[in-house]
There are 2 protein chains.
Amino acid sequence: MRVLVVGGGAAGMSCASLVKRRDPEADVTVLERGGFVSFSACGIPYWLGGTVEGDADRLVVLDPEEARQERGIDVRTGIEVETVDAQDRTLEARSDGERQTLAYDRLVLATGVEAVDPFEAEEADNVLTFRHLDDGVRAQEVLSSRSPDEACVIGGGLVGIEISESLADRGIETTLVEAGEALLGDRLAPELGEQLTERLRGADVAVRCGQRAEAIEVTDGAAEAVVLPDETIGADLVVVAVGTQPRTRLAEEADCSIADAGGILTDQRMRTDVDDVLACGDGVAYPHRVSGERVVQPLALHANRSGRVAGETIAGGEATFPGVLGTAVAQFGDTEVALTGLNEAQARDAGYEAVSATIEARTKAGYMPGAAPVHVHLVAEEATGRVLGGQIVGGHGAGKRIDTIAAATWMEATCEEVEAMDLAYTPPLSPTWDPVAIAARMAAREVGT
Amino acid sequence: MRVLVVGGGAAGMSCASLVKRRDPEADVTVLERGGFVSFSACGIPYWLGGTVEGDADRLVVLDPEEARQERGIDVRTGIEVETVDAQDRTLEARSDGERQTLAYDRLVLATGVEAVDPFEAEEADNVLTFRHLDDGVRAQEVLSSRSPDEACVIGGGLVGIEISESLADRGIETTLVEAGEALLGDRLAPELGEQLTERLRGADVAVRCGQRAEAIEVTDGAAEAVVLPDETIGADLVVVAVGTQPRTRLAEEADCSIADAGGILTDQRMRTDVDDVLACGDGVAYPHRVSGERVVQPLALHANRSGRVAGETIAGGEATFPGVLGTAVAQFGDTEVALTGLNEAQARDAGYEAVSATIEARTKAGYMPGAAPVHVHLVAEEATGRVLGGQIVGGHGAGKRIDTIAAATWMEATCEEVEAMDLAYTPPLSPTWDPVAIAARMAAREVGT
């Protein structure tokens, strides 16, 4: 069996590895446009900030040579797939200017997402986007060659926040511009959004919300400023982090259906609706467990998991992709922010009568040094009390508490059940009542049960 | 309505506060033997170790005066209840040598537990037990007046471990003696027990397992050594931490039923089987959610929760006590240890065909500084895959992950469901696959589904 995997990120490499583990005779080739495979995109901000020292290889889980030697996967980098012919079961790829035609029995589209960049400032070498480790390498080069003084980061999502703090931490005067009224757009409850903004300001990042960047001013091949409606922010480094979009060109060419949300549509076993074409990773529209909708959520765990499922399917297994809650967490300085499931507006959009509660507590017993404020917001279905999602903003130890809410949301627990859960207490790690349990108690008062 | 609460710990004070909140007219009196009410017993090791600075009041949540003024509770300290007459609805108490008779409409027994001390070395002023904040005050006095050089802690439970590390951290040469084959008796899986022992040794505590302390040698009112079967350990400070037992004398006198496990038996609303006598807190035998058995588990959250339920019951509410999993966590130095639910042997005793898996992972992405080893052990029912309990030993960030296992155990999730849960990932807080999910995947392979 000849398997071609397009894309060597977490999904593609997980898929390829799993096929080879289950079926060592399979002929598995991974075709990767960039120079790296199997790298941690999530690690880039920590590498740029200097927390992770050394060169880009530090973020590589498995290099092409190891993949060949240890796993028997034929990994090729610097090769771009140009067209797919799903009738013929072939694709055309170009590498070093040479075209070649490759045949497959199974094709896996692990093409991921690309950074959205509406600013047409490609000619400026001090304008960066982040998606691939190659982008990180370029950023590292720009940072050391240009030693920028003022940075402007456009886009207040998790990546924009992490990058802003990394840059500020390097001593660069940093402004973060977000078009929405709050950081993370409208995903956080207002009180949590305010906490997050305050904490980011405390980390020396100037935050401008409700300001849509209109243009990047470029002179002589270098960005000099970012233009907002009411002001212009001087910057000798600009980071565009306004989001990503699935790379679906090859899938469309192969005649695979695309979800309304924009990602490739698959069944639970990661098969597209075209014979012998599978898809996995960030470019896929995953089913959301709570809303029932398809969502594009470029997160490493889903990429890894969907890649494994695609691999199992190819190898004749029965694994299924269980769906997502969109759980995400970020850490910068002494701040942790996390979310899972639906927020109140999303819950209403999905047809739930939703209620919510927000509490403030501490990460530890109040008398312990380092006990930090933590805000927890919980969303529940009014009629049943079922937890639909939650959010956390707080100090060290706050973020991973989202897992308790994720587990509860996953198991369709009610607020009452979450309050009743026997969660762990010791003074240096938690107050007697975990903040999540306190939030559940407050949310339980809002529901109709 | 006249409510008498015997015992001013977390349970008694939670109960009293809740009654007054629901029914401000109620006449609520708390009778406490010791000098403090509403203190954090769990904070004592951190106060002795110097992490919490200041005097004993730092560990007091609410002092008697505040309770009177702010909550309208008549709190009396230094008063010992000697007898109860449940027919007459009276009790006799002694304070400063004077006896008084008090009448009640509702009696709440929040009498807690006392430290087990089989060594009959009370005359030695350098032998300590820990249960009450008064014990902590005495310990602090002994530590400063005697400046001990060598300590021997008898009992390798969570308290013994925390106290040992606190003493070692103060520069005292410390030996921890545990009668069982491993720390925490046989509660941890062998690999996790070994990890824990190794980590405690790394914190400069000499650990002797499988050695039952036979006697404390006392000369001229001071302990000088602890006698083990094969050796004698010189010590100018001895801590006895071999466990606790419920204080049930008053309950028995009132003719309340006592559970086989030793604690006071109540219904879900914390009523004993004697009219108008309720019980809450560490002295109660709580129902275990997984085994269905009654268990004595002196843990702060249960005390607090059962006190609230007792208060609700008295005030005419409908709250119920949901049972326990026995979730516990401890932290010392850079080590965290946590457990919830049943271990494999307990699961078998409770009638489950149990399987288990143990994995080693890291607390963060491998390339992040501070990524520390973490061991996770998961126990599941073989036929269904249902999670029955789990254990964690690892570095910073390991311990509170037990909450995910506790939530799963509470909701009767299967290992497959836990593996599928969308848990949070970011390099500084977790590897892509949370260690709990990895353990769940491994345990899922052991089950029959």
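**Exercise 1. Work out how far helix 5 (residues 158–169) of chain A should span, and compare that with the model.**

Solution. Start with what counts as a helix: helices are DSSP runs of H or I with at least four residues, strands are runs of E with at least two, and both are numbered from the N terminus. Next comes the rule, which takes 1.5 Å times one less than the number of residues. With 12 residues, helix 5 of chain A should span 16 Å. Its end C-alpha atoms are 16 Å apart, which agrees.

A word on the model before we go on: it is predicted, so local features need pLDDT of at least 70 and side-chain atom pairs count only at pLDDT 80 or more, while totals for chains, interfaces and linings use all residues. Residues are numbered from 1 along each chain as its sequence is written, chains are lettered from A and ligands numbered from 1 in the order in which they are written, and side-chain values use heavy atoms, with hydrogens and water left out.

**Exercise 2. Which residues of helix 5 of chain A are buried, and what follows the helix?**

Solution. First, the cut-offs: buried means under 20% relative accessible area, exposed means over 50%, and partly exposed is in between (1.4 Å probe, protein chains only). Going along the helix, the buried ones are Leu158(A), Gly160(A), Ile161(A), Glu162(A), Ile163(A), Ser164(A), Glu165(A), Ser166(A), Leu167(A) and Ala168(A). That makes 10 of the 12 residues, so helix 5 of chain A is largely enclosed by the rest of the structure. After the helix comes Gly171(A), with a positive phi near 90°.

**Exercise 3. Do the same for helix 10 (residues 402–410) of chain B: how many of its residues are buried?**

Solution. Nine of its nine residues are buried, and the helix is mostly covered. You can tick them off: Ile402(B), Asp403(B), Thr404(B), Ile405(B), Ala406(B), Ala407(B), Ala408(B), Thr409(B) and Trp410(B). Helix 10 of chain B is followed by Glu412(B), whose phi is positive, near 55°.

**Exercise 4. What rotation superposes chain B on chain A?**

Solution. The copies are superposed by least squares on the C-alpha atoms of residues with pLDDT of at least 70 in both. The result is a rotation of 180° with 0.0 Å of shift along its axis, at an RMSD of 0.0 Å. That is the relation of a two-fold axis. Now look for the residue of chain B that comes closest to the axis: Thr404(B), with its C-alpha at 2.6 Å. You've met Thr404(B) already, as one of the buried residues of helix 10 of chain B.

**Exercise 5. How many disulfides does the structure hold?**

Solution. Look for pairs of cysteine sulfur atoms within 2.5 Å, the cut-off for a disulfide. Over all chains there are zero. Take Cys209(A): the nearest cysteine sulfur belongs to Cys152(A) and is 12 Å away. Cys209(A) is partly exposed, at 25% relative accessible area. Cys256(A) is in no disulfide either, and its nearest cysteine sulfur, that of Cys280(A), is 12 Å away. Cys256(A) is buried, with a relative accessible area of 6%.

**Exercise 6. Asp204(A) has a positive phi although it is a residue other than glycine. Where does Asp204(A) lie, and is it buried or exposed?**

Solution. Its phi is near 70°. Asp204(A) sits in the loop between helix 6 (190–202) and strand 12 (205–209) of chain A. At 60% relative accessibility, Asp204(A) counts as exposed.

Now try Asp255(B), which is not a glycine and has a positive phi of about 80°. The loop here runs between helix 7 (249–253) and strand 18 (277–279) of chain B. With a relative accessible area of 62%, Asp255(B) is exposed.

**Exercise 7. How far apart in space are Ser291(B) and Ala347(B)?**

Solution. Begin with the sequence, where they are 56 residues apart. In space, C-alpha to C-alpha, the distance is 7.2 Å. Ser291(B) lies in the loop between strand 19 (286–287) and strand 20 (294–295) of chain B. Ser291(B) is buried, with a relative accessible area of 17%.

For a second pair, take Val239(B) and Ala222(B): they are 17 residues apart along the chain, and their C-alpha atoms are separated by 13 Å. Val239(B) lies in strand 16 (residues 237–240) of chain B, and at 1% relative accessibility it counts as buried.
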